[in-house]
Amino acid sequence: MFSLTRDDGYLLSTDPARLDLDRVHQWLSTDAYWALGRSRESVARAFAGSIPYGVHRVPDGGQVAVARVVTDGVTFGWLCDVYVAREERGRGLGAWLATAVRDHLASLGVRRILLATLDAHGVYARVGFTPVTPERWMELDRRSVNPVTGKDPIGSPGLTVEA
């Protein structure tokens, strides 16, 4: 487990037992544009398959921020589901969390970290992230997401493979 403490009373930990998944689900499913409507089960499964980073207040243990990294632990990591509670914003927790993730992954040997954001470019730029070149990166995105609910429409066709 990785942990880090700030002088002003915040603790960052990768211990999955410390995560308040009910709180994380509430944040993501109701207030995070990329995860609106995400089910509690999906949140739990996503965090179970990732390195979780929880930020907690030291005095009472309350969780105030979260992130997760999908990684092979060696060459590549995808930083996602970064969220700081609204009442805790403005204290530098987002940049501290991104820096801690960057440094923790570097200690594992991970040399490339990817993330996507619509509104926090400045936070990530302060810790070394740069825009991706469109000539190099490509994606296959099979999601059909309703922009209002963030959910896949019911009955969307699955992937079929023919031999």
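A residue is called buried when its relative accessible area is under 20%, exposed when over 50%, and partly exposed in between, computed with a 1.4 Å probe on protein chains only. The model is predicted, so that local features need pLDDT of at least 70 and side-chain atom pairs count only at pLDDT 80 or more, while totals for chains, interfaces and linings use all residues. Residues are numbered from 1 along each chain as its sequence is written, and side-chain values use heavy atoms, leaving out hydrogens and water.

Two loop residues are set out below, with helices (H or I, at least four residues) and strands (E, at least two) taken as DSSP runs numbered from the N terminus.

| Residue | Loop | Relative accessible area |
|---|---|---|
| Glu88 | between β5 (76-84) and α3 (93-108) | 6%, buried |
| Gly109 | between α3 and β6 (112-114) | 35%, partly exposed |

Leaving aside neighbours within four places in sequence, Glu88 is in contact (heavy atoms within 4.5 Å) with Tyr10, Arg57, Val64 and Leu93. Gly109 lies 6.9 Å from Thr75, C-alpha to C-alpha, although 34 residues separate the two in sequence.

The largest nonpolar core, a set of buried Ala, Val, Leu, Ile, Met, Phe, Trp, Tyr and Cys residues joined through side-chain atoms within 4.5 Å, has 26 residues, and those with the most contacts inside it include Tyr53, Leu79 and Leu97. Two or more residues of this core come from each of β2 (10-13), β3 (51-57), β4 (63-71), β5 and α3, with α3 giving the largest share, 8 residues. Apart from this core lies another, of 11 residues, among them Trp27 and Phe47.
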